[in-house]
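Morning, everyone. Please have the sequence and the structure up on your screens. I'll keep this brief.

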Amino acid sequence: MDADTPPADILAPDMPAFEPIAPELRPSLRDLPSVDLVLRTPGGQLAVDRFGRLPATLAIRVALDEVRACVLAGQLASLPTPDHVALAAADALEHGARASLRPVFNLTGTVLHTNLGRALLAEEAVEAAVAAMRSAVALEYDLATGRRGERDDHVRELLIDLTGAEDATVVNNNAAAVLLVLNTLGAGREAVVSRGELIEIGGAFRMPDIMARAGVRLVEVGTTNRTHPKDYVGALTEATGLVLKVHTSNYRIEGFTREVRAVELAEIAHARGVPLVNDLGSGTLYDLTRLGLAHEPTVREAVAEGADIVTFSGDKLLGGPQTGFIVGRADLIEAINRNPMKRALRVDKVRLAALEATLRLYRDPERLAARLPTLRLLARGREAIASRAAALAGPVANILGEDFTVDVALCASQIGSGALPLETLPSAGLAIRPAGAASGGLLNALAASLRDIPVPVVGRITEGALLLDLRCLEDEAGFLDSLSQLVLPA
Ligand SMILES: *Cc1c(COP(=O)(O)O)cnc(C)c1O
């Protein structure tokens, strides 16, 4: 290997094994440039200007250590020049300077992808959040009276208007909302739940565990597939703190089933003077049938059906920042707000600003689907997406070169985050396949390369193809620009 070999190679000691160079033919480590010498090269100076003296020095030291290791392993026939070491160090600094939490193109076909951060915020919400980050805000300060205010007051009226509930409060996420409600209404007492609704949502959120942590004793009624009104009636005692209904958001039990509807359950609970809590999960403030989707219960409906408390998420179908809502009877909300746990679960000014701006958009339902990214993406029809796929197939094929074929493909997106789990949305995208003999290895390597560009592209591998569902692609120019920096797998 001569000194003109690109510097990146010296940072790849785990290259495929080949015959090691005999010890007597190896370059002398005494000729290795010093850290100082590398720092003084033009490349070294540039690294210092960009990243600072200490990081540049450390990166050069690491690069030199790797050269040393390669020489000792018999992998280098000659030493790299000081300039090459500087470039390798700058390369490593550049790579390390990329933010860990950075934007990606979500082409998975799952619109509300929990691992990719769920809902994208509306521009109005982004602006409000940025403004709140930059300056002091009247977070807990009443500008009219000059007295102390409540942080919930910025969204209380909006939530009351949009849900028909008497009162409302906001916490960190819906898991926090459920925990806080259970602890406030049921600590040291019993919560009655149907066996068909003891759900796990993922990420260690299991209803029975949350109950235990909330200090509530779980009383299971009915069976997995059938629960009757008399099951609940028989379980209600002096020790009952609440009846809990959980929207089985991420699965369906079908066939021989019986579920006690919220209206019936409210009557049963109220006859014993016990509150009914309905955890809607996603919940929505918008009738999804307007977008041609199946019906997902709205929060207003859950309130009207007689639930005393309804809990739901801010970053699922609602399309806002991560938050959890608790709406319902004023006396219960007051008790919830007095619980010291509330302070530990509260939201910060940035999210609250984004949330207020998001909820305001709901006052104008006609323009909502255009302004709120979640609904806008869910509303996109297959025809429109397919025509964008057709336009992008050529440019993408050019970038990927001869080793891959790129075809427009019909596919199905899903909402994600447990909303309408059986519902799929007709969609379209690009199916990328190896051009030669089918090789899953090549496809996996391409998927990895796509995750290593400035704005990574995340698709899914299915039926021998890497499928990029284009439902959630709005910035096509940015997509092609990021893709143009792809380093193709060898
Ligand atoms: C998603 C979900 C939760 C948890 O909500 P987060 O906002 O993710 O904390 C709780 N209950 C149900 C039914 C859910 O679908």
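I'll go from the whole chain to one annotated lysine, then to two helix contacts and a few single residues.

First, a caution: this is a predicted model. So please hear every value as computed.

Now the overall picture. The chain has 490 residues, and 47% of them are buried. It holds 19 helices and 17 strands. The C-alpha trace spans about 90 × 55 × 40 Å along its principal axes. Take the contacts with a separation of 6 or more: 75% of them join residues 24 or more positions apart.

Next, the records. An unreviewed UniProt entry annotates residues 29-68 as "domain: L-seryl-tRNA selenium transferase N-terminal". In the model, that span is 80% helix and 0% strand. The C-alpha atoms at its two ends lie 7 Å apart.

The unreviewed UniProt entry also lists Lys316, as "modified residue: N6-(pyridoxal phosphate)lysine". Where does Lys316 sit? Find the loop between strand S11, residues 309-313, and strand S12, residues 324-328. Is Lys316 buried or exposed? Its relative accessible area is 5%, and under 20% counts as buried, so Lys316 is buried.

What does Lys316 touch, leaving aside its neighbours within four places in sequence? The contacts are Leu112, Arg118, Ala119, Gly281, Ser282, Thr374 and Ser417.

Stay with Arg118 from that list. Arg118 is in the loop between strand S1, residues 105-106, and helix H5. Its phi is positive, about 55°, although Arg118 is not a glycine.

Glu463 also has a positive phi without being a glycine, with a value near 50°. Look for Glu463 in the loop between strand S16, residues 460-462, and strand S17, residues 465-469. Glu463 is exposed, with a relative accessible area of 78%.

On to helix packing. Start with H5, residues 123-134, and H14, residues 349-361. Their axes are 8 Å apart, and the packing angle is about 150°. Anything over 145 degrees counts as roughly antiparallel, so that is how H5 runs against H14. The crossing of H5 past H14 is right-handed.

Which residues meet there? From H5 we have Glu124, Ala125, Ala128, Ala129, Ala132 and Met133. From H14 come Lys349, Val350, Ala353, Ala354, Ala357, Thr358 and Leu361. By class, the H5 to H14 contact has ten nonpolar residues, one polar and two charged.

Before leaving H5, look at Glu123, which lies in that helix. Glu123 is exposed, at 53% relative accessible area. Compare its position with Asp36: the two are 87 residues apart in sequence. In space, C-alpha to C-alpha, Glu123 and Asp36 are 49 Å apart.

Second pair: H7, residues 174-186, with H12, residues 330-338. Here the angle is about 100°, and the axes are 9 Å apart. Angles of 65 to 115 degrees count as roughly perpendicular, so H7 and H12 fall in that class. H7 brings Leu180, Val181, Thr184 and Leu185 to the contact. H12 brings Leu332, Ala335 and Ile336. That gives six nonpolar residues, one polar and no charged ones.

To recap the two pairs. H5 is roughly antiparallel to H14. H7 is roughly perpendicular to H12. And the lysine listed in UniProt, Lys316, is buried in this model. Thanks, I'll take questions.

Methods:
Residues numbered from 1 in each chain as written. Predicted model: local features only at pLDDT ≥ 70, side-chain atom pairs only at ≥ 80, totals over all residues. Heavy atoms only, no water. Axes fitted to C-alpha atoms, helices over the stretch in contact; angles between N-to-C directions. Helix = DSSP H or I, 4+ residues; strand = E, 2+ residues; numbered from the N terminus. Parallel < 35°, antiparallel > 145°, perpendicular 65-115°, else oblique. Left-handed = near helix turned anticlockwise from the far one by under 90°. Contact = heavy atoms within 4.5 Å. Nonpolar A, V, L, I, M, F, W, Y, C, P; charged D, E, K, R; others polar. UniProt positions renumbered as here; feature names shortened; annotations may be inferred. Buried < 20%, exposed > 50% of the residue type's maximum accessible area, 1.4 Å probe, protein only.
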